[in-house]
Amino acid sequence: MKKIVLLLSITIMVCNCGTSQSVSSNSKKAIPDVSDFANTISSEHLKDMLYTFASNEFEGRRTGEPGQKKAINFIKDHYVTMGIPSPIADGDYFQEIPEAFFGGKAKASENVLAYIKGSEKPDEVLIISAHLDHEGVKKGEVYNGADDDGSGTVAILEIAKAFKAAVDKGLRPKRSILFLHVTGEELGLYGSKYYADVDPVFPLENTVANLNIDMIGRIDAKHETTPNYVYLIGSNKLSTELHDISEAVNKKYSNMELDYTYNEDNDPNRFYYRSDHYNFAKNNIPVIFYFNGTHADYHKPTDTPDKIEYDLLAKRAQLIFYTAWEIVNRDERIKLD
């Protein structure tokens with residue numbers, strides 16, 4: 001009888017030890033938090049990229065010119081390095097736009113497209129956009145366009161990197177994300193118009209929203225003493241739900257001042273109609289346009305990378321990432337009003 005009791009006791013101890021180790025092992029396996037991925041967006045990476053993208057070597061990135069060709073290859077190379085594919089064809093990241101489309105304003109040019117396929121609703125697509133072009137060279141002076149829109153270009157690359165980090169950890173977004181770098185914005189929103197009106201790689205009816213980034217690296221005169229801000233334009237014009245999501249995400253993660261001054265219907269600047277989001281908004285796709293406002297170097301050769309507020313650029317890019325994360329991972333797609 002004693003032998004049986006002793007054997008039972010040993011058996012129970014072994015079972016308990018095994019259970020304890022299993023629980024302990026599982027408890028050590030932490031589930032990644034969305035902030036882990038947002039924090040991969042760094043001011044150092046943004047600065048390194050922008051000092052190249054907005055350098056004299058890129059000759060102001062005028063649409064159709066050699067500097068713009070350097071810019072699209074710079075963007076493509078980053079996606080190739082990150083392992084983020086193109087939705088066009090294997091290795092082909094360029095949506096080619098013929099010279100005739102520009103009506104004599106530019107030579108043939110290209111949009112750059114990369115995407116992450118969704119896990120549950122891959123046919124529903126969020127587009128995150130920024131324009132890659134600028135003013136080129138005028139009277140021997142290079143218009144580097146560090147803020148306009150080098151800041152938006154490098155921000156998208158960092159946002160894409162953050163989503164790829166999530167994918168690599170097994171957290172693929174439910175919906176697909178298209179990272180869209182458009183050309184010809186300074187000439188009249190040509191690149192986004194071509195995508196929306198001529199060759200939407202993903203059907204517009206399946207496009208759930210557009211987050212457009214155009215100048216988010218500087219501080220305007222109004223906010224010199226309160227720089228923790230960003231202007232939002234268009235967030236409530238087509239979808240109150242998108243506006244509410246944006247507000248809630250900011251309150252939870254970023255706590256920035258969301259300034260809606262330029263969102264007013266009677267805004268004399270008419271910024272709602274002046275950047276690439278408008279070509280999606282006119283097709284009833286909900287949009288948010290992220291913007292830091294104008295400054296003394298706007299559309300001048302003095303818009304250089306040494307004047308960018310890189311910590312603020314990173315924080316704004318993180319806010320956009322958090323907003324995109326919520327849009328692509330929620331159960332229902334955003335509703336139009």
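These legends go with a set of close-up views of a predicted model.

**View 1. The whole protein, before zooming in.**
This predicted model has ten helices and ten strands. Its C-alpha trace spans about 100 × 45 × 40 Å along the principal axes. Of the 337 residues, 54% are buried. Sequence-distant pieces meet a lot here: take the contacts between residues at least 6 apart in sequence, and 81% of them join residues at least 24 apart. As for the outside, the accessible surface comes to about 15100 Å², with 51% of that belonging to carbon and sulfur atoms. Count up the charged side chains and you get 38 positive and 50 negative, with the centres of the two sets 6 Å apart.

**View 2. The eight-stranded sheet, strand by strand.**
Walk across this open sheet and you pass E1-E2-E6-E3-E7-E10-E8-E9, in that order, with mixed pairing. Strand E1 (94-97) and strand E9 (257-259) sit at the edges with a single partner strand each, so one side of each has no neighbour in the sheet. From one strand to the next, the twist averages 25°.

**View 3. Two helices against the sheet.**
Helix H7 (residues 190-198) packs on the sheet and touches E1, strand E2 (109-116), strand E3 (121-131) and strand E6 (175-182). The direction of H7 makes about 100° with that of E1. Helix H10 (residues 310-329) lies across another set of strands, namely E3, E6, E7, E8, E9 and E10. Relative to E7, H10 runs at about 180°.

**View 4. Strand E10, covered on both faces.**
Look at strand E10 (residues 287-291): five of its five residues are buried, so the rest of the structure largely encloses it. On one side you'll find Val287, Phe289 and Phe291, and on the other Ile288 and Tyr290, all buried. E10 pairs with strand E7 (residues 207-213) through four bridges, and those two run parallel. With strand E8 (residues 229-233), E10 pairs in the antiparallel sense over three bridges. Tyrosine 290 is a handy landmark for both pairings: this residue is the bridge partner of isoleucine 213, and leucine 232 stands opposite it.

**View 5. Strand E3 and its parallel partners.**
Eight of the eleven residues of E3 are buried, so this strand too is largely enclosed by the rest of the structure. Eight bridges link E3 to E6, and the two run parallel. To spot that pairing, find isoleucine 128 and its bridge partner in E6, phenylalanine 179. E3 also runs parallel to E7, with five bridges between them. Here the pair to look for is leucine 126 and alanine 209 in E7.

**View 6. Isoleucine 233 and the E8 end of the sheet.**
E8 is joined to E9 by three bridges, and the two run parallel. Valine 230 has leucine 258 in E9 as its bridge partner. Isoleucine 233 also belongs to strand E8. Is this residue buried or exposed? Isoleucine 233 has 0% relative accessibility, so it counts as buried. Leaving aside neighbours within four places in sequence, isoleucine 233 is in contact with Tyr262, Asn263, Phe271, Tyr272, Val287, Ile288, Phe289 and Phe291. For a sense of scale, pick out isoleucine 127: it is 106 residues from isoleucine 233 in sequence, and the two C-alpha atoms are 16 Å apart in space.

**View 7. A cis peptide bond in the backbone.**
Zoom in on aspartate 148 and aspartate 149, and you'll see that a cis peptide bond joins them, with omega at about -5°. Aspartate 149 lies in helix H5 (residues 146-168).

**View 8. Two loop residues with positive phi.**
Leucine 189 is found in the loop between helix H6 (185-188) and H7. Phi of this residue is near 60°, a positive value in a residue other than glycine. Leucine 189 is also buried, with a relative accessible area of 10%. The other residue to look for is histidine 299, in the loop between E10 and H10. Its phi is near 55°, again positive in a residue that isn't glycine. How does histidine 299 count on accessibility, and what is its value? Histidine 299 counts as partly exposed, at 27% relative accessibility.

Technical notes. Residues numbered from 1 in each chain as written. Predicted model: local features only at pLDDT ≥ 70, side-chain atom pairs only at ≥ 80, totals over all residues. Heavy atoms only, no water. Buried < 20%, exposed > 50% of the residue type's maximum accessible area, 1.4 Å probe, protein only. Contact = heavy atoms within 4.5 Å. Areas by Shrake-Rupley, 256 points an atom, 1.4 Å probe, with all protein chains shown as cover. Lys, Arg positive; Asp, Glu negative; His and termini not counted. Charge placed at Lys NZ, Arg CZ, Asp CG, Glu CD. Pairing = 2+ DSSP bridges. Axes fitted to C-alpha atoms, helices over the stretch in contact; angles between N-to-C directions.
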